Amino acid sequence: MIKLICAHRQIDPIFECVSIDDAVNYLSKQTVLGVDTETNGKDFNNKKVIMFQIGTKDVQYVIDTRYQGIEPLIPILEDPNIVKIFHNIKFDYKFIKAQWGADIINPYDTMLAEGVLNCGRIAVGYSLNALTQRYLGKELNKEVRNKFINLDGIPFNSEQIMYGAEDVEHLLDIRAIQLKEIEKYGLEKVLDLENNVALAFADIEYNGMYFNSKKWLSIANDYEDVVRTMESELDDLIKALELNKFIKKSFQADLFIAAEDIRKIDIKWSSPTQALKVFKEYGLDIEKVNAFELSKYKDRKLVSKYLKYKENQKVVSTYGKSFLKYVMKDGKVRTSFWQILNTGRVSSGMKSDNKPNMQNIPADNKFRNCFHARDGYTLVSVDYSGQELGIIASGSKDPVWMKARKEEADLHSICADMVFKDKWRNADADEKKKLRTMIKTINFGLAYGMSKFKLSDTLQIPVDEADALIKQYFTEFPKIGGFLNSLGNYGKFYGNIRTFRPYRRIRWFQDWNKGLTLKKDFKVLGAIERASKNTPIQGTGADMIKLAMVKIRDYIKENNFPAYLVTQVHDEIGIEVIEERAEEWAQIQCRLMREAGAEIIPDFPMGVDYTISKEWCK
């Protein structure tokens, strides 16, 4: 039954018009509710919710929020004893928060549930329309969905009201089916985590960060100058190498440019296609101009210069002047998140949302420093120190690693001493630094399934030497080798892999089938093995940082602390906090992040580091 709350009682008589009090009386007695909104745009800063739908399978309330606010429903939205089902809760939450200042407590997101169930599977489809087709055999009418724009006060027609009410029913039906699958695979805890951390990610998207456009523009200009200089240097190398195919035999004169200043090289260095032609003419046996293929020829001046050029050119194209388009009217930059990648980590900067990727902001502080706190506030950033190393130590139970973590000793130096032995003990300071770097590369590379080829490329050593180094490493640390091998074998045998307890997030391998081993499809099996070694480490780290975000958000709300979630990058969480309480907050956040670590890694305390500054910094 559809019940309508609006200012237009002359609408089709099939809908019963009721008061908001009628809705409150019914809804407050329920334990599970479907909730949906229709808005007149995507930007919560400038657009509004014009229809709010909430209800059960039996009764759906459709509220015309152009005439009736949902303030009386806020206690229901914030009632921890009532499950509220949304699809893509971040979208609805930001609008509800902006328009009515309400929170959502005890949420369930059908989109996130589908992400949890299908992690690792390709081209699943997570839209509400995809889910209604998959679970209910029904396709949504996109034409109706697109008719909520530019209504300008025109009453909703019967079709729009039916569409809004049916969405509530769909959510309830989909959840009922999803929960059976969630229970089947023991994913209740990880789904609960994802549902709750979605609100923390939504807060980051909602709050944004203030941005210094003038400072950013200055940096962008500097990088453009560097790129132009490097293009000239590459041109000079083309002349010096006598690659005449790319030297213009004639050129158009220009009255305003001296002849010696006119560019005589016919190459657009930013074009991979044109650059590939250059390197083939140069005699390189490559098919792409990516860093992996070109790294084999790093000793050649043209290659090394080009690789440095590409690094700077990428900064210009991604984080140059074009980045200023992301600055909003209030002077802030806001990102958007997809919170369930294959490993459980997140990505940011959805192209469909026209938002920037904040996960890949250059590590150089001059870029980060362009983001700053509002007046009277400062930024507290806390990150886990050696999170992945701690996860490997706990998973492998290697005695050396465990002891080093508990004593907060220099793990890399300890490992270097065991691997290199007398070579380490007899080395001078510079040589020890080099050897420690080699071991550090292996230690961190373990979390990504580093091969001998990757180690060879990273350290710029022969493949045979890299292979021997890895073998010696695992001779000294057999428990780590056994731990990683057990993960790899599990993934190859079962076609999936999980993160650590208590969440046990599951990742499926799309290309796996029981016949792979018999067919000896080594390429597919190799990829599964590497991902099986990587995912439990990366995914457990993701579970930890997400749990920390939930704890931080809960603490801020429960204690009415003057602080705002503003960043989450890898294993770092950034909070904007009132200046006079910054140090107090830093200690609270460090404690909460350690608590999150202890719930997943009880073997030893997870280390944390923090910074307090007006500008965002590493």
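In this predicted model, four strands form an open sheet in the order β16-β17-β13-β18, and their pairing is antiparallel. The edges of this sheet are taken by β16 (563-569) and β18 (608-613), each of which pairs on one side only. On average, and with direction ignored, neighbouring strands here are turned by 20 degrees against each other.

A walk across the sheet can start at β16. Six bridges link β16 to strand β17 (residues 572-578) in the antiparallel sense. One handy landmark in this pair is Tyr564, whose bridge partner in β17 is Glu576. The two strands β16 and β17 form a hairpin with two residues between them. In the turn, His570 has a positive phi of about 55 degrees. Although β16 is an edge strand, six of its seven residues are buried, so β16 is largely enclosed by the rest of the structure. At the other end of the strand order, strand β13 (residues 377-384) pairs with β18 in the antiparallel sense, again through six bridges. Here the reader can look for Val382, which has Tyr610 as its bridge partner in β18.

A second open sheet consists of three strands in the order β9-β8-β12, with antiparallel pairing. Its edge strands are β9 (332-333) and β12 (371-372), and each of them pairs on one side only. Strand β8 (residues 209-211) is joined to β9 by two bridges in the antiparallel sense. Within this pairing, Met209 has Val333 in β9 as its bridge partner.

Parallel pairing appears around strand β6 (residues 83-86). Strand β3 (residues 32-39) runs parallel to β6, and three bridges join the two. Gly34 can be followed to its bridge partner in β6, Ile85. Strand β7 (residues 107-109) also pairs with β6 in the parallel sense, over three bridges. In that pairing, Phe86 has Asp109 of β7 as its bridge partner. Between β6 and β7, the chain passes through helix α3 (residues 89-100), and this β-α-β crossover is right-handed.

In a regular strand, side chains alternate between the two faces of the sheet. Which residues of β6 lie on each side, and are they buried or exposed? Val83 and Ile85 are on one side, Lys84 and Phe86 are on the other, and all four are buried, which leaves both faces of β6 covered.

Just along the chain, Asn88 lies in the loop between β6 and α3. Most residues other than glycine have a negative phi. Asn88, however, has a positive phi of about 65 degrees although it is not a glycine. Its relative accessible area is 25%, so Asn88 counts as partly exposed.

Helix packing offers another view of the model. Two packed helices are described by the angle between their axes and the distance between the axes. The axes of helix α14 (residues 387-396) and helix α21 (residues 478-494) come within 9 Å and cross at roughly 90 degrees. This crossing makes α14 roughly perpendicular to α21. On the α14 side, the meeting involves Ile392, Gly395 and Ser396, while α21 contributes Lys479, Ile480 and Phe483. The residues of this contact divide into three nonpolar, two polar and one charged.

Lys397 is found in the loop between α14 and α15 (399-407). Its phi is near 60 degrees, which is a positive value in a residue other than glycine. With 42% relative accessibility, Lys397 counts as partly exposed.

A further backbone feature belongs to the loop between β14 (496-498) and β15 (506-508), where Arg501 is placed. Pro502 has its place in the loop between β14 and β15 as well. Most peptide bonds are trans. Arg501 and Pro502, by contrast, are joined by a cis peptide bond, with omega about 10 degrees. Is Arg501 buried or exposed? Arg501 counts as exposed because its relative accessibility is 61%, with the cut-off for exposed being over 50%. How far apart are Arg501 and Ile600 in sequence and in space? They are separated by 99 residues in sequence, and the distance in space is 6.5 Å, C-alpha to C-alpha.

Methods
Residues are numbered from 1 along each chain as its sequence is written. This is a predicted model: local features need pLDDT of at least 70, side-chain atom pairs count only at pLDDT 80 or more; totals for chains, interfaces and linings use all residues. Side-chain values use heavy atoms; hydrogens and water are left out. Two strands pair if DSSP finds at least two bridges between them. Buried means under 20% relative accessible area, exposed over 50%, partly exposed in between (1.4 Å probe, protein chains only). A crossover is right-handed if, with the strands pointing away from the viewer, the path from the first strand over the helix to the second runs clockwise. Axes are lines fitted to C-alpha atoms, for helices over the stretch in contact, and angles run from 0 to 180 degrees between N-to-C directions. Angles under 35 degrees count as roughly parallel, over 145 as roughly antiparallel, 65 to 115 as roughly perpendicular and the rest as oblique. Contact means heavy atoms within 4.5 Å. Ala, Val, Leu, Ile, Met, Phe, Trp, Tyr, Cys and Pro count as nonpolar, Asp, Glu, Lys and Arg as charged, and the others, Gly among them, as polar.
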